[in-house]
Amino acid sequence: MTPHRLAQLCFALTLLWALHALAEEVELHIETVLATNSSTRFDARLQDLKPLLVRTFRYTSYRLVQEIRQQARWGEEIKVALPGERQMQVIPKAHDHHRISLQVMLREGTNPTSLLNASLSFPDTGTIFFAGREQKDGVLIIRIGTTAKEKEQ
Amino acid sequence: MATCSHADRLIPLLHDNELQSPLRREMVTHMATCVTCTRTFSLLEREQELFTQVIEERVDSIDFSGFWQTVETKLSEPMPSRALRLRLWYESWRPAWTFPVPAWAVATLLLSLGLPSLYLNKHLLITSNPSPSPSLTPPSQGIVPEIAPGPMEKPQEPSLFQDVGLSDDQERNSNQAQIESICTYGSGAVAINIYYDYESNSTVISCGNSTSEYPQ
């Protein structure tokens, strides 16, 4: 192999490595559950959450009203429209020591008013639940899980 | 030789059929009485005839007898191998790639130094202490959240990791979520309950009007 070819090969490998490094992604999994006392129906899709929901909340009915999977790059702001004219902004900040750091902002209304702004970290195998204030019809519970698609930094 | 001001400007346009009707009629009438313009028009017609004749002769001299046969032969030929096509593609771009070796070395060095620093900067920026979005509505009356510690929850003072007692990696690797900062907006006191569920490895953050809204 000539030095010229070798130099080109080195450049190509470095470029590939750089592109790979920049293409790191995280998948956000956001589920919105409506908890009410209007019935005793339990959504079958929430079966794996039933013990937690029953242990934690007082409601008799739980229904999965929205499920979103969204790819994002680290540092990218993701906006997700939630039921009830609510909007969630999530910024995946870092994946470090098997923990995911997120900034989560919850807004409400057509002219969005902030409800909650949290910066937190949790295990990459775990999930975070946000439960809002109780309304007359029940409460919205938002579950956020993540799947980091790159090797641990 | 007699000249006419129309001969240079308007006769070529008349010949090319570019004149509008009133002017065209006027020119045709003028040509009937102007020898210069009539001659110019005839010359233009003759030039066009010769030009057309030359083109037709050249087209006739081309041999199209084997055209379709050649096309069919080309179509039936097997596609060149992927390696050959790659080679052809490489060769077609070769002039753009023929930088000297030092240039490639410098480019590789810059790429390997520049992108990681960019990458690290990005992560340093996004892992720094978060500040609320400037577009967020500032908290209104009495909104400092009322923290209601439960039996299993972590303190949630808005602060860095160290401020919530996470000074070593062992604690940081625990399964519970660590709240760096949390604030709510709106009127009235808000109770924030944070509950960690070991079985599902989940952390529940609930905002309520009172501490008893969600049982622990």
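1. Two strands count as paired if DSSP finds at least two bridges between them. On that footing, strand β5 of chain A (residues 99-108) and strand β6 of chain A (residues 113-123) are an antiparallel pair with 10 bridges. Within it, A:Met105 has A:Asn117 of β6(A) as its bridge partner. The model is predicted, and its scores are ipTM 0.78 and pTM 0.51.

2. The pair belongs to an open sheet of five strands, ordered β3(A)-β4(A)-β5(A)-β6(A)-β2(B), with antiparallel pairing. The sheet thus takes strands from chain A and from chain B. β3 of chain A (78-82) and β2 of chain B (178-184) are the edge strands; each has a single partner strand, so one side of each has no neighbour in the sheet. From one strand to the next, the twist averages 15°. Strands of a sheet pair through backbone hydrogen bonds, in either the parallel or the antiparallel sense.

3. At the β3(A) edge, the partner is strand β4 of chain A (residues 86-96), joined to β3(A) by five bridges in the antiparallel sense. A:Ile78 lies opposite A:Val90 of β4(A). The two strands make a hairpin with three residues between them, and A:Gly84 in this hairpin has a positive phi near 75°.

4. Further along the sheet, β4(A) and β5(A) run antiparallel and are joined by 10 bridges. A:Met88 has A:Leu106 in β5(A) as its bridge partner. This hairpin has two residues between its strands, and A:His97 in the turn takes a positive phi of about 50°.

5. Next, the nonpolar cores. The largest has 46 residues, and those with the most contacts inside it include A:Ala35, A:Ile128, A:Phe129, A:Ile142 and B:Ile205. Strand β1 of chain A (residues 25-36) contributes the most to this core, giving six residues. A:Ile141 is another of the residues with the most contacts inside the core. Beyond its neighbours within four places in sequence, A:Ile141 is in contact with A:Val33, A:Ala35, A:Phe129 and A:Ala131. A second, separate core has five residues, among them B:Ile11, B:Leu14, B:Met31 and B:Cys37. In soluble globular proteins, nonpolar side chains tend to be buried together.

6. Chain B as a whole has eight helices and four strands. Its elements, taken from the N terminus, run α-α-α-α-α-α-α-β-α-β-β-β. Of the 216 residues in chain B, 14% are buried. Among chain B contacts with a separation of 6 or more, 54% are between residues 24 or more positions apart.

7. Confidence in chain B needs a comment. The average pLDDT of the chain is 71, and 67% of its residues score at least 70. Among its elements, helix α4 of chain B (residues 35-61) has the highest mean pLDDT, 92, and strand β1 of chain B (residues 146-147) has the lowest, 37. Residues 125-173 of chain B have a pLDDT below 50, and this stretch makes 86 contacts in the model beyond near neighbours in sequence. Residues 211-216 of chain B are also below 50, with 16 such contacts. Where pLDDT is low, the predicted coordinates should not be read in detail.

Terms used
Residues are numbered from 1 along each chain as its sequence is written. Chains are lettered from A and ligands numbered from 1 in the order in which they are written. This is a predicted model: local features need pLDDT of at least 70, side-chain atom pairs count only at pLDDT 80 or more; totals for chains, interfaces and linings use all residues. Axes are lines fitted to C-alpha atoms, for helices over the stretch in contact, and angles run from 0 to 180 degrees between N-to-C directions. A residue is buried if 20 or more other C-beta atoms lie within 10 Å of its own, exposed if 12 or fewer, and partly exposed in between; C-beta atoms are placed from the backbone. Two residues are in contact if their C-beta atoms, placed from the backbone, lie within 7 Å. A nonpolar core is a set of buried Ala, Val, Leu, Ile, Met, Phe, Trp, Tyr and Cys residues joined through C-beta atoms within 7 Å. pLDDT is the predictor's confidence in each residue, from 0 to 100.
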